[in-house]
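Dear colleague,

Please find below the structure that I am handing over to you. My findings follow it, and I would be grateful if you read them with the structure open.

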Amino acid sequence: MWDCCCWGWCCYWYGGGEGDVEFVTEPIVVFDHVSKTFDLHRGRSRSFQELLVNFGRWRQTRIHDELHALQDVSFAIARGETVGFIGPNGAGKSTLLKLIARILEPDSGTVTVNGRVGALLELGAGFHPDLTGRENVYLNASIMGLDRREVDRRFDEIVAFSELERFIDVPVKHYSSGMYVRLGFAVAVHTDPEILLVDEVLAVGDMAFQRKCFEHIDRMRADGVTLLFVSHSTDAVRRHCSRGIWLDFGAVKAD
């Protein structure tokens, strides 16, 4: 007796014997009953002055407030899919991408990732403000798994895509938010990722560069790169994604 379980385009056939599983389509990302909770310590002293004020009290009131960022989330994504994650602020979208990028670990459940990840998650993430743009290209690319020779070979292409030739030897602490996005996206897409994670950060910057980014994303899609895209724009998800997952209060409401 065989049963079929399908998430998106990924199908798994379960046989009667233990471990008797056949993958009809190999998934590149699988979330299996994943939960992630953050503990917000509201009563904790946030400064030395608060600590002194509270010192000597018999008991300091401490409120434990838990944020359930993800609650029992399960889905699978096939290699080459383009999936848009939508939902209000605090729905768990960015937490989900950080779990895939291994920035966070789940409290329960498992996250399986079968490919090299390129990520553009937060403005300036992976950059050191006191280093120049040139130095940060090498730093960021090394975090994504490239060695120096590979970065040497791709460096001119990265800088040309970012259009930051004049500023590449300036410390990035002097960059605007749009310049951060230009350099971060250029590095992320030139590291040969099999999975590209893009958060709402692309909304920063000028329209011409946004259009250039999405054109490049479409070429990557055609080459079989898996794209996971967080956005508040349902139009952008409709235009660029083959599938949408709606999150609200840390749970999948629709897929």
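Before the findings, one term is needed: a residue counts as buried when its relative accessible area is under 20%, and a contact means heavy atoms within 4.5 Å. Please also bear in mind that this is a predicted model.

The chain as a whole

The chain has 255 residues, of which 43% count as buried. Its secondary structure comes to 7 helices and 12 strands. Among the contacts with a separation of 6 or more, 68% are between residues 24 or more positions apart. The accessible surface of the chain comes to about 13900 Å², and carbon and sulfur atoms account for 52% of that surface.

Helix α4

I would ask you to look at helix α4 with some care. This helix runs over residues 148–162, which makes 15 residues. From its first C-alpha to its last it reaches 19 Å, close to the 21 Å expected at 1.5 Å a residue. Where is the kink in α4 centred? It is centred on R154, and the angle is about 50°.

R154 is also one of the buried residues of α4; the others are V151, F155, I158, V159, F161 and S162. What covers the buried residues of this helix? The cover includes α3 (133–143), α5 (177–189) and α6 (207–222).

Both ends of α4 deserve a look. At its start, a side-chain oxygen of D147 comes to within 3.2 Å of the backbone nitrogen of R149. Just after the helix, E163 takes a positive phi of about 60°.

N136 in helix α3

Helix α3, named above as part of the cover of α4, contains N136. Is N136 buried or exposed? Its relative accessibility is 0%, so N136 counts as buried. The side chain of N136 reaches the backbone nitrogen of H128 at a distance of 2.7 Å. When residues up to four places away in sequence are left out, N136 touches G126, F127, H128, L131 and V172.

Helix α2

Helix α2 covers residues 93–100, and 6 of its 8 residues are buried, so it is largely enclosed by the rest of the structure. The buried residues are K93, T95, L96, L97, L99 and I100. After α2 comes R102, whose phi is positive, near 65°.

Two further positive phi values

Two other residues have a positive phi although neither is a glycine: H33 and D192. For H33 the value is about 55°. H33 is found in strand β4, which spans residues 27–41, and it counts as partly exposed because its relative accessibility is 46%. For D192 the value is about 55°, and D192 is placed in the loop between α5 and β9 (195–198).

Cysteines

How many disulfides does the structure hold? The number is 0. Two cysteines may be inspected individually. C213 has a relative accessibility of 1% and therefore counts as buried. C241 is buried as well, because its relative accessible area is 12%, below the 20% cut-off.

When you open the model, I suggest beginning with α4 and the kink centred on R154, and then turning to N136 in α3.

With kind regards

Technical notes. Residues are numbered from 1 along each chain as its sequence is written. This is a predicted model: local features need pLDDT of at least 70, side-chain atom pairs count only at pLDDT 80 or more; totals for chains, interfaces and linings use all residues. Side-chain values use heavy atoms; hydrogens and water are left out. Helices (H or I, at least four residues) and strands (E, at least two) are DSSP runs, numbered from the N terminus. The expected span of a helix is 1.5 Å times one less than its number of residues. The bend at a residue is the angle between axes fitted to the seven residues ending there and the seven starting there. Buried means under 20% relative accessible area, exposed over 50%, partly exposed in between (1.4 Å probe, protein chains only). A polar contact is a pair of N or O atoms within 3.5 Å; within protein, one must be able to donate a hydrogen and the other to accept it, and residues adjacent in sequence count only if both atoms are side-chain atoms. A disulfide is a pair of cysteine sulfur atoms within 2.5 Å. Accessible areas come from the Shrake-Rupley method with a 1.4 Å probe; for residues, only the protein chains shown count as cover.
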